[in-house]
Structures are given as C-alpha cells and as structure tokens.
Amino acid sequence: MSMVLYKMRGDNVDNYRQNLREEKLYLEKTLKVIQKELETESGKLSHRKRNLIEARKDMWENTAHSSNDFTKLVEMSQYLLEVNSQTASYLDTSRQVDRYRKIIESPYFGRFDFTEDGCRNEEKIYVGLYTVMDSETNTVRVYDWRAPISSIFYRYEPGRAEYTAPAGLIAGEVLLKRQYKIRNSELVYFFDCNILINDKILQEILSRNASAKMRNIVETIQKEQDLIIRDTGSDLLIVQGVAGSGKTSIALHRVAYLLYDGLKTNLGSHNVIIISPNAVFSKYISNVLPELGEENVRRATFDDIAAKAFENRLTVENRAAQLEAVIGGRDRGEIAARRQGIIFKGSKTFAEILDRLLTYCGRRLIPFEDVYYNGVILETKQQLKNRFLNNKTGIPMARQLQRIENMLLDKVHPLQKKRLRKIEKIVAQSDGREFEVKSFSRLLSIKEAGKFQKRLHKFTRVDYLKLYQRLFQQRELFFELSRGLELPEDIHRIISSTGASLQKGLLRYEDAAPLLYLKLKIDGYKPFSEIKQVVIDEAQDYYPLHYEVFKLLFGDAKYTVLGDINQTIEKEKDNSIYEDISEILNKQKTIKLSLNKGYRSSYEINDFTQRLLGGGQDFVPFERHEKEPVIQKKKTKELIDRAIAADVRDFMEEGYESVAVICKTQQEANKVHSGLKKLIPAKLIQARDGRVEKGALVIPSYLAKGLEFDAVIVHDAGRENYSGRLDKKLLYVACTRALHRLCLYYTGEKSPFIEGAGG
C-alpha cells in the first residue's frame, strides 16, 4: 500500500525503499527506547511499592490508633505525610508504566520536518499520544500531540507554518508531512500527505466499526477542531456543531489539552467538570480522558447536581422521565400544558419572577419582630429590617440573616450572666431545690436560651422549598409578582399541577432549576468552588434559567459550551439560546464557532437525514460512500420484530459489531425488547443503569443522543409514531446515530418526514 501511495506522489521505487529503511530504523530505535524506559519505570514501581508498604506498616506499628495526646497526634501526622508522599510517587510511576505499555503498540502516527526561520537545521518532529524521551541522551523521539509544536501537524501542509511556544511565536517552513499506520509495534504503511491524502486516512479510520465507548481522535484532528481544542484565551467558547461533527470528542480533547497546558497554570483534574446530558452518555465517554492520560475529571448530570443539592428532601424526576412524559403521553392537552410549563419555567421571564419573589420575601415575608431579653430590648423590628435591607455588598439572604442572629446572640451573652443570677435567686427560694440551685439554674438557663434562639429562627431562617411552594399555592401572589410579564396560555393549569406535585413531595425536572436557583440565591450554596473549567454538552437542551444556575454554581470558571439546535427536542430550534448563554454567563472573552462538517455517517445516510430535516442547514457531508438507507413496510409490529432480528444477524455476519434498535420512547423500547429478546440476544438501555456495549441494543431515541453505532434500525417510523414537530427531531436524532447502515420499518402509513426525505 505504501508503494502505491508513493507512486501517486511521483516518488520512484528507490526513494521509497530508502525512506522505508529509514522509517523502520527510527521505529526500531524508538521501540527500544520505550522498552528501556518501561523497564526502568517498572523497576521504580516495584521499589516504590515496597517503600509504600513499609511506610504504611511503620505508621500502623509505631503510632497510637486512638489518643488525645497531642504529641502522639503530631507523630501520626508526620507518618501520614510520608505515606501520602510515597502513595503519590507510586501512582505517578504507575501511570508512566501504563503509558509506555499503551504506546509500545503504536508510538506515533505522524511526522513533519520543520526548519525554523534563522536556523539551518531541519528537525524531524514525530507526533504521538504521549512524549517519548530517551533519558540517556535527553532527546525527544516523539512529541505529545498536545505539545505546542505538534499543532503544526494538525494545522499546516508543506509550506509556511508557525506555532506559539512559551518563548513566543515561532515561524518556519514545513518541508514534509507524513502519516503512519503502526500496529503491534510493526510499520504497516506510511505516506507523505496533503489534504487529499489526509482524507484517505480519515476514510479508513471513519470506516471502522463503532466502539462500545467513545474513542480518542488524536490521529484525525482537523484544523478547525484543533483551533477549538487549543484555545486558551477564551473565557466562554460556544460551539454549534452539526450531528457527527465531533463536538463531544473535541470537548474531551480540549479538556485533555487544557490539563496538559495547565501544568503552567495549576489547573488539575479536580478543577474541571463535564456536564453530561444523562448517565448513559456519561458512561459512554468515560474512557476518553483516561486514554489521553487524564484521570479523575468530574462528570455529572444536572439531575445529579439537583438531587445532591436538595439532600433527599424531595423525590426529583430525572430528565429521561420528563421526556418520556412529553413524548409518550396520551393526553394531548396535558402534554401541551406540560411543554408550556417546561419552556416557561426555564425562561428569562420566570427567572425575573423568582428574583421578584426573593425581593418580595425580603421586604414582606420575613416576620421581623422586636427582640427582648430579660426585660431589655436588643433591637426593634424596624431596626432589624433596616439592617437586612441595607445589603450593599449583595450577601446571600441566609448569610445576612445569620449575621443578624449572631449580632443578637453577641448582645445576649453579657445579659445571660445577670439572668442566671436572677434564676438562681428564684430557684433558691423554691422548695426542694436547695441542694441543686446552680445545676438546676443552669438547666433552666439553657432551656430559656433554646427558646430564645427558636424565636430568632422565625425570622433568621428562610426555607427555599417553602418559598417556592408558596409561589404556586397562592395564585394572587404569583400574579402580583408576574405583573407586566408575558405568561403562557395554560398558566392556571401549570400553577395547579405544580402546586399539586410539590404538595406530594414530588419535584418535576422543570422545577429543579428554579428551585436550585432559589437555594443558591438564598443560601449562597457553593459545592463547586474549586471548579475552574466547565464543559457543557448538548447545550441546546438547557434553558436560560439553567445557565443562571450554572453561573451561580461555578462562579468565575471558564466555559466550553457545545450544542446542535437541530437536536433540540421539546422546544422549537432557536439559535437565540447561544445569545442567552453569552448574555447570562457574561464573560469578558467570548467566542462563538460553528462546525458544519459531518464525519460520523456515510454520505448516503447524511443525505437522507438532511432531507429529513427539510434542508436549510449549513451541512457539509464527508465523502464516505456506503449503502443507501432502507425503508420497509410490514403488516404488523410482530413482523417488524422478525425483520429486525434477521437484520441484526445479517449485520453481525457482515462484521458490524454494534446495532442499535432505536425506539421513540422508553415504554416502546421496553415492549420491543421483550419481544426481540426471544429471537436474538439484545440488551435494553435505560436512563439510570444503561451501558453501551457491543451487540444488539434497544434504546429510546432521546438516550441515543451523542452515541454512535455501526447500524441503526428505527423500530416504528410510521405516521402514527412520527408526525408532530417534536417527532421530526427525534427521528433525526435516531437516524444520525448510524455510521454505516440505516434501516427504518413501519406499519400503516410511513411518517411524512420519511416521505419528505424521499424514502
């Protein structure tokens, strides 16, 4: 294969053979370096493991396990410092050993020859997953793909090039650019590449089977993707990307790059959080960062964040259950009202109502009263209210009230001694207490102090949940606070249903963001104070109020926000969400970028999905040709199940390893799985416990977002199932999951969207 590629470039056979000898020799020497470094690090690992075991043993044998002796505690802390140091050394070496073991199979995938301006020497820069350095000679044989100089490989063809080094901008000439396929430590082929040839290696990599987990893309990062990955200047980076453009992969590689670059800025994995749309997707992407050498980056769903914040006070509905109710419900009036409620409660209008509620609470609902103690007035009701309202620094309400409480308690302390002496006199005059005057008096004093503090708590404690309940239980209050604002048509129904669910202790998903907003504003709750970088995927699925919550949760963090408005589900697609994000997060340096090239699906599948949308999208398909999508009608759903089972067997025989049977809802998926598992082995994916694996999977459409499969079979693409505006988006999401093959089955009449796509 190499020879053919070289002939395409016009190189003669002798040149090819010479280059082949040189490349084989370089690979051989690089492998020897890796093997030598692996043996060295493995030796260190064994030594450090022994040291760690010995340190732990010493700590156990030579320190007291329970003691109030300060000297003993100091001694134990010294041992603990040593154990922690030994543990860190062991883990660092273990990671290095794992890296060498990983890259010995394929140390690098690219090379470019570069001559810096003002220098005569030509450097051969090999690019791989990790740096390989010969410790004996201190020469770098392979550069980490994240190294500043490696950006040339992704951004430039032979000719003028430049990169930003720690010392500044370095310019020069790229004399050669070469790509390799190395498998099992053997050079399979290599070629000198221009943009056309780069497409050829992309063709090969994109033609591979889908993985049960997302892969890293370091071999195929494109110029526009690299610019996003290496951007360090933006405080807010917003990316609108079409289906299959690699948004999530780019985000994860960006995290890996920022952590690599963060060695200079003290950015660690504990300073980064990735907000995933659901638990299934979170598990699907879980291996990418470890593959790139970065461990322990926090991942969370909004459901997780809300549930933790509310501390089991309520049963919180998850996002999947909300979508199931909206997509799969039977009562159209109820669905329409629920959709209106979802959109309204996520809106800037509702955020304004909540802000008014907080102001109203501060001015009208906190029951300040005159505070007396032992006949002495400490503060009047008006004095307390004035203190509270004079909040020039914007301290959260709960902290303000706590300060007021502390101030009152400080005033009480000197009076308590006088009060105790008074109580002692009263007790001394009581019958039967002459032998316990002091102890009984102290007990009475403590009880009095408790009652006093309880009186204070009536106005120094604000319950965010009760406040939110009050908003929906008192209609006159709701309408007073919303005066002058545009409300949905079904607002009375929304108020009633929300009040009823809150009364039962149930929190709908659309109420989680508003309630969390109130908690953050009232309590100043800060569970993520260490977070400096936030990645938000599927940005289009969140509402303005979610971003208000993110702003409160993550303070001064920088953001990478990625979405695709065409994969919006329960609301109309609208580019304005990106304007809202920019306005709400209000960062000094904000950049908005678009990715319009789809790499996931074949040309034929991309063509079909674009027609399904009805056109109008700025979309550039990658030229990888395979079979046209298949659309078939069956008389019954039982016959559809049999046809799907036959398709799955055929796909597996053709070498495809992952086949997704995508249903509209979880309810439909449960039913289909029940019938299908009698015919073939198939796994059901559900919101909480689903894990993508090889083989046949049955999954609802909304959980398939962001995932990819070798083949996709849409279970029931009939008019009855897919005819509304929401349905078009779900069908689009389902079809865009396919890499190589797409089949759609239906009974009765087919969906009008398929008709429009030419099926």
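Strand β9, which spans residues 272–276, is mostly covered in this predicted model, with 5 of its 5 residues buried. The side chains alternate along the strand: Val-272, Ile-274 and Ser-276 point one way, while Ile-273 and Ile-275 point the other way. Both sets are buried, and this makes β9 a convenient place to start a tour of the structure.

The strand has partners in β15 and β10. With β15 (residues 533–536), β9 runs parallel and is joined by 4 bridges. Within this pairing, Ile-274 of β9 stands opposite Val-535 in β15. With β10 (residues 298–301), β9 again runs parallel, and here too 4 bridges join the strands. In this second pairing, Ser-276 stands opposite Thr-301 in β10.

Helix α21 offers a second example of burial. Of its 11 residues, 8 are buried, so α21 is largely enclosed by the rest of the structure. The buried positions are Pro-544, Leu-545, His-546, Tyr-547, Val-549, Phe-550, Leu-553 and Phe-554. Just after the helix comes Gly-555, which takes a positive phi of about 50°.

Attention may now turn to the internal spaces. Searching the whole structure gives 5 cavities of 30 Å³ or more. The largest of these holds about 230 Å³ of space. It is lined by 20 residues, and those closest to its centre are Pro-277, Asn-278, Asp-303, Arg-319 and Ala-320. Two helices, α10 (302–310) and α11 (319–328), are the elements that give two or more residues to this lining. Of these, α11 gives the most, with 3 residues. In terms of chemical class, the lining of the largest cavity comprises 11 nonpolar, 4 polar and 5 charged residues. Two domains take part as well: domain 2 (231–366 + 462–595) and domain 4 (603–746) each provide at least three residues of the lining of the largest cavity.

The second largest cavity holds about 60 Å³ of space. Its lining consists of Arg-319, Gln-322, Ile-342, Lys-345, Gly-346, Tyr-509, Glu-510, Ala-513, Pro-514, Tyr-543, Leu-545 and His-546. By class, these residues divide into 6 nonpolar, 3 polar and 3 charged. Four helices each supply at least two residues of the lining, namely α11, α12 (332–345), α20 (509–523) and α21 (544–554). The largest share comes from α20, with 4 residues.

Some residues link these descriptions to one another. Arg-319 is among the residues closest to the centre of the largest cavity, and Arg-319 also lines the second largest cavity. Leu-545 and His-546 are buried residues of α21, and both appear in the lining of the second largest cavity.

A few overall values place these details in context. The secondary structure of the protein chain comes to 27 helices and 25 strands. Along the principal axes, the C-alpha atoms fill a box of roughly 115 × 75 × 55 Å. Among the 759 residues of the chain, 52% are buried. Of the contacts with a separation of 6 or more, 74% are made by residues 24 or more positions apart. The pairing of β9 with β15 offers a friendly illustration of such a link along the chain, with Ile-274 standing opposite Val-535.

How values were computed:
Residues are numbered from 1 along each chain as its sequence is written. This is a predicted model: local features need pLDDT of at least 70, side-chain atom pairs count only at pLDDT 80 or more; totals for chains, interfaces and linings use all residues. Side-chain values use heavy atoms; hydrogens and water are left out. On a 1 Å grid over the protein atoms alone, a cavity is a set of points where a 1.4 Å probe fits but cannot get out, and a pocket is an open set with protein on both sides within 12 Å along at least five of seven lines; lining residues have an atom within 4 Å of a point. Grid points are joined across faces, edges and corners, and a volume is the space filled by probe spheres set on the points. Ala, Val, Leu, Ile, Met, Phe, Trp, Tyr, Cys and Pro count as nonpolar, Asp, Glu, Lys and Arg as charged, and the others, Gly among them, as polar. Domain bounds come from an automatic or database domain assignment. Buried means under 20% relative accessible area, exposed over 50%, partly exposed in between (1.4 Å probe, protein chains only). Two strands pair if DSSP finds at least two bridges between them. Contact means heavy atoms within 4.5 Å.
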